[in-house]
Each structure stands twice: as structure tokens, then as C-alpha cells.
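User: I'd like to learn how to read a few features in a structure, one at a time. Can you walk me through it?

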Amino acid sequence: MVGFIRFADNLSAWFGRAFAWLIILMAVGTGYEVFVRYVMNNPTPWALDVSFIMYGTLFMMGGAYTLSRGGHVRGDFLYRLWQPRTQAKVDLVLYILFFFPGILALIFAGWKYASRSWSYTEVSINSPAGIPIYQFKSVLVAAGLLLFVQGIAQVCRCILAIRTNEWLLAKEDVLETEDILIREADKAERDHHI
């Protein structure tokens, strides 16, 4: 189980990092649009569509990575007080009742939606540029498959936590700024007392 969890975490991390580069492309594209619109007075017909496509792709393809790192929003005012074993039991039930049916619906509906879009090479109706969007509809299926694989890894995590009363955490690869500041303050406090 641990081997599969590590495989799924690494797969999710690879896709999450690869698609994170879309942020830079979005910033450059938006900066270009602002420049040509307000300085050159010559707006582009494609900027809105391209920013929607990139943001949507980034959001969808980052879902499995976020799940692997426990980064999705949860109402955990009670949950965080429970033992890992209890948390895992609740998570396991929720994965089975809600997560997997939702992800399977995303995959199957996304497949239907994307295949229909590919059949007539759909273009965006939001701008006069007619940006092709059919290939980006496939992101629904890809993101759903990644989430499904990561969901199986999360179920394995739950089983391990039920057995051991400890969560198997993903490798720490990104830290929130506030976590870094808290660690630095703790270190400074310890150094001050020494």
C-alpha cells in the first residue's frame, strides 16, 4: 500500500508542478493584453478565452496534487480534535459515499462532453477569435482520472491510519509562507533561550 501511495503522490505532484507553469503563461498573456489594450489601444480578441482555458486547466489538473497534500478546504473544527484512527474511519466512509461517485461522474460526463466537442471541433463562442477549445475539454477526463488514482491512495492512507493510528503524510515539497514564518519564529525563540 505504501508503494502505491508514493506512486500516486509522485504522479499527482508531477502533474501539479507541470501545470503550475500555466500561472506564468497567464501572467504574461494578461500583461500583454493590458499593454496592447491600454497603451496601444488595440485589444486582442483571444485574451479572455486563453486566460479561461489556462486557469481552468490549472485548477483541474492541480486537484489531485492538492488532495495528496491535504490542501482542500474542509470544515475541521471537530475533525482535527479526533485521533487519526477516527479521522481515517470518517474519511473512508466519505470517500466511498461521496468522493468516488463524484469523480466517476466527472470522468464519464467529461468523456461524453469532450468526445462531443472533439466531434465538431468546438470553438469558443465568447470571442470573435473563435479559439479552439475542444482539446481542453479533455482536461475534465484527465483530471478525473488523476483524482481517481489519488483517491485510491487516500483510501490506502485511511486503511493504514486505521491500523496504526498515524497518518502517512506526503513528502513536504511546498510550504506556506505563514508556516515558514512560524518555524523561523520558533527557531529564533529557542535560540534566544539558549
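Analyst: Sure. Keep in mind that this is a predicted model. Let's start with the rings: the count comes to eleven aromatic pairs.

User: What is the angle between the planes of Trp14 and Phe15, and how do I read that pair?

Analyst: The general idea first: a pair of aromatic rings is described by the distance of the centres and the angle of the planes. For Trp14 and Phe15, the centres are 5.0 Å apart and the planes sit at 85 degrees, an edge-to-face pair. Trp14 counts as exposed, at 54% relative accessibility, while Phe15 is partly exposed at 22%. Another pair is Trp118 with Tyr134: with centres 4.8 Å apart and planes at 75 degrees, over the 60 needed, this one is edge-to-face too. Trp118 belongs to helix α5 and Tyr134 to helix α6, 16 residues apart, so the pair links distant parts of the chain.

User: Which residues do ring pairs link into a cluster?

Analyst: Tyr95, Phe99, Phe100 and Phe148.

User: Now helices. How do α5 and α7 pack?

Analyst: Two packed helices are described by the angle between their axes and the distance between the axes. Here, α5 (residues 84-119) and α7 (residues 139-164) pack at about 165 degrees, with axes 9 Å apart. Angles over 145 count as roughly antiparallel, and therefore α5 and α7 are roughly antiparallel to each other. The crossing of α5 past α7 is left-handed. Sorted by class, their contact has 22 nonpolar, five polar and four charged residues.

User: And how many salt bridges are there?

Analyst: Side chains of opposite charge can pair when their charged atoms come close. The count here is four salt bridges. One of them joins Arg157 and Asp9, with the closest N and O atoms 2.4 Å apart. Arg157 is in helix α7 and Asp9 in helix α1, so this bridge ties together parts 148 residues apart in sequence.

User: Are Arg157 and Asp9 buried or exposed?

Analyst: Buried: Arg157 has a relative accessible area of 4%, and Asp9 has 3%.

User: Where do Arg37 and Glu33 lie?

Analyst: Both are in helix α2, four residues apart, about one turn of the helix. Their salt bridge has its closest N and O atoms 2.8 Å apart. Arg37 is partly exposed at 35%, whereas Glu33 is buried at 8%. Lys187 and Asp191 also meet in a salt bridge, at 3.0 Å from N to O. They are four residues apart in helix α8, so about one helical turn separates them. Lys187 is partly exposed at 46%, and Asp191 is partly exposed at 44%.

Definitions and conventions: Residues are numbered from 1 along each chain as its sequence is written. This is a predicted model: local features need pLDDT of at least 70, side-chain atom pairs count only at pLDDT 80 or more; totals for chains, interfaces and linings use all residues. Side-chain values use heavy atoms; hydrogens and water are left out. Axes are lines fitted to C-alpha atoms, for helices over the stretch in contact, and angles run from 0 to 180 degrees between N-to-C directions. Helices (H or I, at least four residues) and strands (E, at least two) are DSSP runs, numbered from the N terminus. Angles under 35 degrees count as roughly parallel, over 145 as roughly antiparallel, 65 to 115 as roughly perpendicular and the rest as oblique. A crossing is left-handed if the near helix is turned anticlockwise from the far one by less than a right angle, and right-handed if clockwise. Ala, Val, Leu, Ile, Met, Phe, Trp, Tyr, Cys and Pro count as nonpolar, Asp, Glu, Lys and Arg as charged, and the others, Gly among them, as polar. Rings of Phe, Tyr and Trp (its six-membered ring) pair if their centres lie within 6.5 Å; planes under 30 degrees apart count as stacked, over 60 as edge-to-face and the rest as tilted. Buried means under 20% relative accessible area, exposed over 50%, partly exposed in between (1.4 Å probe, protein chains only). A salt bridge is a side-chain nitrogen of Lys or Arg within 4 Å of a carboxyl oxygen of Asp or Glu.
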